[in-house]
Amino acid sequence: MNVSEKLEILSDAAKYDVSCASSGVSRNAKPGMLGNSVKAGICHSFTSDGRCISLLKILFSNYCVYDCKFCINRKSNDIRRATFTPKEICELTYNFYLRNYIEGLFLSSGIIISPNHTMELLYKTVYTLRHEYNFNGYIHVKAIPGADSDLIDKVGRIVDRMSINVELPTENSLKLLAPDKSKQSVFTPMKHISNKIIQYNRDKTIYKSTPSFVPAGQSTQLIVGATNDTDLSMLKITEAMYNKFALKRVYFSAYVPINSDPLLPAIINKPPMLREHRLYQADFLLRFYKFKANEILNESNPFFNKYIDPKAQWALNNLNQFPIEVNKASYEMLLRIPGIGVVSAKRIIANRKYSKIFYDDLQKMGVVVKRAKYFVTCDGKYHSNMPFVPEVIETQLILQTNNKINVDQISFFSKNIPMLEGVRI
Amino acid sequence: MITYKFDGTFEGLITSFYFAFKKKETPNFTSLDKMQIGFLDIVIDITTDIIIYNKMEEYLISKCTMMCFKTIYTAFLNEKITNYINFFRFIKLAFTYKEQVLDLRNISSVYEVVKAKLAVERETHKILGLMRFKKIDEHLLYARYSPTHNITSLLCLHFVNRLNSFNFVIYDDKRNLYALYDKKNIIITKSVNNKFINKNDIEDKYNTFFKIYYKHVAIKERQNLKLQINLMPKKYWHFISEVSTPNNSFIDI
C-alpha cells in the first residue's frame, strides 16, 4: 500500500476528532530547526464543512482492539485498514509544513496490540520528528487511556498538547456504548498529566533549564447526541474538568451516524449541530465570562433553548438585575450583558477613565448594539424603543437571530395561530 | 484648504507631518497614487527626505511610544485610506495620551485609525495561514499571492522566523513587490533580475498528497459551503492550490 492510499484511509478515520487547534503556545524558531509556534494558532485551510485545517490530522493506525459502538474504527467494522510508519508521518509533516499547508501534526491512533505498544509507536514518531527531522512546529498527540505513565511523561516532554477523549459524559453511557473504556481509565491519565504540568511549571521558576511539559495544556472531546444525556450533564462534566484538571479546551462533536447499532440513536438526517453550537456558547461562558454551569442550566431546565443563546437566556431569566448602567457597572457585570464580550468590556473600562460613554459610542467599542440595547442604559437613558418587558425583549431577540421564522400579522379570522415551541411568548 | 501631496510612501507621510508641525497647520494629506484634491485646494508638494524621516521616527517613538508608531505604520498599509488627516490628529492626541490614546475609541479620528489597523492585522493573520509555498529547488521556496492591503512587510517577519534555514521569495502580484530572503537579510523590492518564476508550474507530490488529505478530512454530513467561503474568502482562492481550479488559478508568466 502506498502513502497516498494510507493517507486516504487514515485521514478519513481521523476526521471525526475535533480537538484540533494549533493554539496555546508561543515558541520562537531555533537555529537549525524548522518552524515556530504562534500563540493564537493559525488556520491554513477550510474544508467544505467549514472547519479549519490547522494540523495534519491523521491516525497512526486504524486497527483497533476495542469495539466502541459510536466509533468508525471499531473492531467489528468491515473497513479498509492501514498503518503508517513513523518515517512516512515525519516526511509528510515536514514537507507539508515547509509549504505552509499545516501548522503541525495531530497524531492519534487505534489501539494496536495494547495501549503501551501503541503509545510506544506514537512516541517513536514524535521523537523522530523532533530530533531527526528537527521539526519545531506544533505537535498534538492523543494519550492512549491505559498506557504507562512513564510513556506519557516521555511523550509529554516532546509535544505541545495532549488530549484524552472522554467522549461520553456519564459512566452509564460509557458502559453502554464503549464497554472497554471506563471513566477511571480516562481520568487517571488526565489527572496525571495535569499534575505533571503543575510540577514542571513550578520547577521552571527555580531552574530555568527545566524542559516544558505539554506547554499548550490538555484538551478533550465529548460527543453530542449519541446517548440520552442532557445538556446539563455535558456542561457539568465540562465545568468539573476545567476546575479539576485545568483543561485548556473541551470540544464538542455532534454525533454523525456512521455505524448502525440498536444501542445508538436511529439514523438522523443531520448531526445535532445546533446543540453542539449552544454547548460551545455555554463553554465560552464558563471559560471567559465567569459563569457557573448551574447558572446557565438547571435540573428543571436541562436543555438549551432552541432560539435564544445561553447568555441572553440567562439575562432574560435574571431581568431584575437589568438594565445595567454602562458607565458604572463592574467588569464582571459588563460581561453578563448580552452583546458585550471580553474585548468590548475591556474597551469600555479603559475608555471610561477619560470620558462618559454614550449610546453612539457602544458600536465603536465593538458592542453588538442590536442585542445589548435591551439590557443597558447609557448615562441614565434606556435607548431601546421597546418597553422593558421580558416577553417583548424575548420576542425581539428571537426575531433578530432567527430570520427563518415568518412574521405576519395574524389575520382576524385565522384559526391556527403559530406558536414557537418551547418559548413563552 | 491646504493639501500636502506626498509620494505615497510611509516616509513621505512622516516627512509631510514634519512640515505640518513646523508650520503649525492642519492640512489635508493625500498621496500621489490615491489623490483626492478639492477644486479650491492649495496643493503643496512634499519631497520625501530620508534624513527628516529618520529624525521624525526617533522623535515620534520617544514622544508617542512605539505602540502608537506601529499603529500608524500598520494602518498606513490599509489600501482603502485616501486622506491621512486622521493619522495626523491621532499623532497629536498621542503626544498627550501616549499609548492610552488607543483606548479613546469614541474620538472619530482614533476610531478610524484603529479600524484601519485592525483590517490590516486581520488580513495579515489570515494570509499567514493561506500563503502557499512551492519548493523550487533544495533551498528555495517561492510564494505568490495578491492581498487586499499591502502586507508583505508584516508577513515577512513571521516567515523569516519560521523558515530561517531556507531562502524564500514572496511575490505580491497586485503591487509587483518581491520580498527576498537569503537566510540573513530580507529585502523588499520591485525589480528582480532573476526569472525564477518560470519554474512555478512544478507540481510536486506533496501538493497532490495535500489535495488528497483536504478531500478526505471533510465530513460530508456537515457540509457548509457558506461557512467555508466566509472563513476563506474567494478572492484568495486562486493562490490556494487545493481549492483553485484552472479557471481561477494563476496564469504563470
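Here is a short back-and-forth about cysteines, a pocket and a chain interface in a predicted model.

Me: Why is C68(A) not called part of a disulfide with C71(A)?
Reply: A disulfide needs two cysteine sulfurs within 2.5 Å. The closest cysteine sulfur to that of C68(A) sits in C71(A), 6.0 Å off, so that's too far for a bond. Over all chains, the count of disulfides is 0.

Me: What makes C68(A) buried or exposed?
Reply: Buried means under 20% relative accessible area. C68(A) comes in at 9%, so buried it is. Over in chain B, C156(B) has 4%, and is therefore buried too.

Me: What makes up the lining of the largest pocket?
Reply: 43 residues, with C43(A), C52(A), R249(A), Y251(A) and F284(A) lying nearest the centre. Both chains chip in: β2, β8 and α8 of chain A, plus α4, α6 and α7 of chain B, each give two or more residues. α8(A) gives the most, with 7. The pocket's volume is about 1600 Å³.

Me: How do you know what character that lining has, nonpolar, polar or charged?
Reply: Sort the residues by type: 23 are nonpolar, 10 polar and 10 charged. Tyr, Cys and Phe count as nonpolar and Arg as charged, so of those nearest the centre, R249(A) goes with the charged ones and F284(A) with the nonpolar ones.

Me: How do you know that chain B is in contact with chain A?
Reply: Contact takes heavy atoms within 4.5 Å, and 48 residues of chain B are in contact with 60 of chain A. The two bury about 5100 Å² between them, 58% of it on carbon and sulfur atoms. On the chain B side, R162(B), Y213(B) and R222(B) lose the most area, together 17% of what that side buries.

Key
Residues numbered from 1 in each chain as written. Chains lettered and ligands numbered in written order. Predicted model: local features only at pLDDT ≥ 70, side-chain atom pairs only at ≥ 80, totals over all residues. Heavy atoms only, no water. Buried < 20%, exposed > 50% of the residue type's maximum accessible area, 1.4 Å probe, protein only. 1 Å grid on protein atoms, 1.4 Å probe; cavity = no way out; pocket = protein on both sides within 12 Å on 5 of 7 lines; lining within 4 Å. Points joined across faces, edges and corners; volume = space filled by probe spheres on them. Helix = DSSP H or I, 4+ residues; strand = E, 2+ residues; numbered from the N terminus. Buried area = accessible area lost by both parts, 1.4 Å probe.
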